[in-house]
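Biologist: I should be grateful for a close look at one part of this model, taken element by element. Please explain how its strands are arranged, and then how the helices that you select are set into their surroundings.

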Amino acid sequence: MADLSKYRNIGIFAHVDAGKTTTTERILKLTGKIHKTGEVHDGAATTDFMDQEKERGITIQSAATTCFWKDHRFNIIDTPGHVDFTVEVYRSLKVLDGGVGVFCGSGGVEPQSETNWRYANESEVARIIYVNKLDRLGADFYRVVDQVKKVLGANPLVMTLPIGREDQFVGVVDVLTKKAWVWDETGQPENYEIKDVPEDMVDDVELYHQQLVETAVEQDDDLMMAYMEGEEPTMEQIKACIRKGTINLDFFPTFCGSSFKNKGMQLVLDGVVDYLPSPTEVVPQPLTDEEGNETGEVATVSVDEPLRALAFKIMDDRFGALTFVRIYSGKLEKGQTILNSFTGKTERVGRMVEMHADDRNELSKAQAGDILAIVGMKNVQTGHTLCDPNHPCTLEPMVFPDPVISIAVAPKDKGGTEKMGIALGKMIAEDPSFQVETDQETGETILKGMGELHLDIKVDILKRTYGVELEVGEPQVAYRETITKAIEDSYTHKKQSGGSGQYGKIDYRIKPGETGSGYKFVSSVVGGNVPKEFFPAIEKGFKSMMAEGPLAGFQVLDVEVELFDGAYHAVDSSAIAFEIAAKGAYRQSMPKAGPQLMEPIMKVDVFTPEDHVGDVIGDLNRRRGMIKDQEVGVTGVRIKAEVPLGEMFGYIGHLRTMTSGRGQFSMEFAHYMPCPQNVAEAVIAAAKERKAAQK
């Protein structure tokens, strides 16, 4: 069996355009996995294999590949940087043991790097930092290190220092060994020399070396005492301490270089081997019961334990459905029968493949620590646990964000309806943050996603991959409704029609709940005026109505219903009667409880050259934006604001016009806020018009 201590399951993640995919290409070239590097800007990168990725020069879905460095096996996942595809980063981080956070030498810590860093903190993934693009104008390694401390609140441990700046960047100094790695101008990664540190850097290197050793020995009390008494630790001891601190998330070893120019990559790969954990050194995944509560047991990473694996991604390609799986414990062999603990059904493993972007190598067996794909699994979705039928278990499931934007689509020709249905079924399985529903009254198909780009790409995939031409409606905002005042009321449902009738009386209070609490039902009935067996029916009646608010038919948020009294009839009362009573009560009381329309507010991060700051801020104010912060950088200004989603459609076009094409922005959902009166009136009027048109 393979030695698990030689495995490294790593993800590469960063803000859009910091150079993740280029870095992955360089790693594959250095490790001998590919012989010619493809460039992102030429649309030839190995891991960007979708047409949409090649054209736009961005990564859309995470791609997996395997390679070897110094007899260690790397399973690498290259993740997207764009905020609309954050779900890809989140689910990749769930199954990885370590990560490489890539930051742009001139852009620094950008908005999406913050989000990804937060996800990695939540998943407790050990990371090393790689500051890329140091050959670019305005690149400053020391500034980025400061930003990592201030913006991310992280502790970077500097392992390499750059030699030369911008177009004079020629190599790096290894702080630990105090040796300089200098590359020539051929751009070939293997053409380097190891020399003495340049004279003008000797003092800096000495200072950083001392900081490095002092930070490292804090991980070991005996070593620290010896060091304080003047005894220098050995290279092995320092590396062991850095490894321990990295795995404990006490600090993050920080490297620098230029992936595009092939400078500094070897030290990053050595850092992955030396400091990132193997599968056995990570805190094991907790096991949960069917409700999602932890049972106290964990999935220990070992070949000798029963099989436990997590399906973290579904991908449809020309050969059928691929289920990407991370094996936590046990072994998996071709022909084996495994249990999907979510559905309770068993399936036989037909073909297993090791992925290299969109190429594959057939496997006959796999073991704990492996990341692979199984071909042709049925009924498996992202987040399902696959396990030994004799030892059923559930691994901690994944939670995905709700979509905030929707568009209505319809196929251009009649024959496209069935094709579209099949295609959408596959696309939902692949991306849990993408949802589809049919409007019952109009029969329209509604696509819901995380942003304009997200839905734009989905429409493009339907057109190119599945050959479905669509007519696309205007984007719609996912508004919500809530109430602003408490109300006490009573409702009686009575119906008599030959034989036993229906009777249910409820006295209840409806009041605004805490922000983010959703719908809550409590009962304070005493004395049995409403028997307990009817409580679930009353709760269900209210809950079923929360999908449609009294103002414009949007979902209702943060409402608490308290049942405090009522009455029943020994013969005529039934669960259905009380459920109908609850529905009638909702219709009667909600309009009286001060209903209010809520709109999604987005966290918007705009980057603009300095001479356009006034225009950009003025424009954000016109869009009802609240400016939260401004940060002046070397190449421009970052403006952080909160803006209603309804005001942000088509923003990229306006921003490019205002900034002569140099502005960039990203946004993600922040929270819901009450709508101003004029906006609410317009939304409600539009909703009424739609309903009238449907009739």
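Modeller: The account below begins with a sheet and then turns to two helices. The model is predicted, and the description should be read in that light.

The sheet is open and has four strands, in the order 7-8-9-10, with antiparallel pairing. Its edges are formed by strand 7, residues 160-163, and strand 10, residues 192-195, each of which pairs on one side only. From one strand to the next, the twist averages 25°. Strands of a sheet pair through backbone hydrogen bonds, either parallel or antiparallel. Here, strand 9 (residues 179-183) and strand 10 run antiparallel and are joined by four bridges. Within this pair, Ala-180 of strand 9 has Lys-195 of strand 10 opposite to it. Helix 9, residues 265-275, packs on the sheet and touches strand 7, strand 8 (171-174), strand 9 and strand 10. The direction of helix 9 makes about 130° with that of strand 9.

The next element is helix 7, which spans residues 221-228. At its start, a side-chain oxygen of Asp-220 comes to within 3.1 Å of the backbone nitrogen of Asp-222. Leu-223, Ala-226 and Tyr-227 are the buried residues of the helix. These three lie on the same side of helix 7 because they cover an arc of only 100° around the axis. An α-helix has 3.6 residues a turn, so residues three or four places apart point the same way. On the other side of helix 7, Asp-221 and Met-228 are exposed. The cover over the buried residues includes helix 6 (202-217) and helix 8 (235-247). Just after helix 7, Gly-230 adopts a positive phi of about 95°.

Helix 15, residues 651-658, can be described in the same terms. Its residues Tyr-651, Leu-655 and Met-658 are buried. They cover an arc of only 65° around the axis, and therefore they sit on the same side of helix 15. Among the elements covering these buried residues are strand 35 (595-608), helix 14 (613-622) and strand 38 (664-674). Following helix 15 comes Ser-660, with a positive phi near 55°.

Key:
Residues numbered from 1 in each chain as written. Predicted model: local features only at pLDDT ≥ 70, side-chain atom pairs only at ≥ 80, totals over all residues. Heavy atoms only, no water. Pairing = 2+ DSSP bridges. Axes fitted to C-alpha atoms, helices over the stretch in contact; angles between N-to-C directions. Contact = heavy atoms within 4.5 Å. Buried < 20%, exposed > 50% of the residue type's maximum accessible area, 1.4 Å probe, protein only. Arc of directions from axis to C-beta. Polar contact = N/O pair within 3.5 Å; in protein donor to acceptor, adjacent residues only side chain to side chain.
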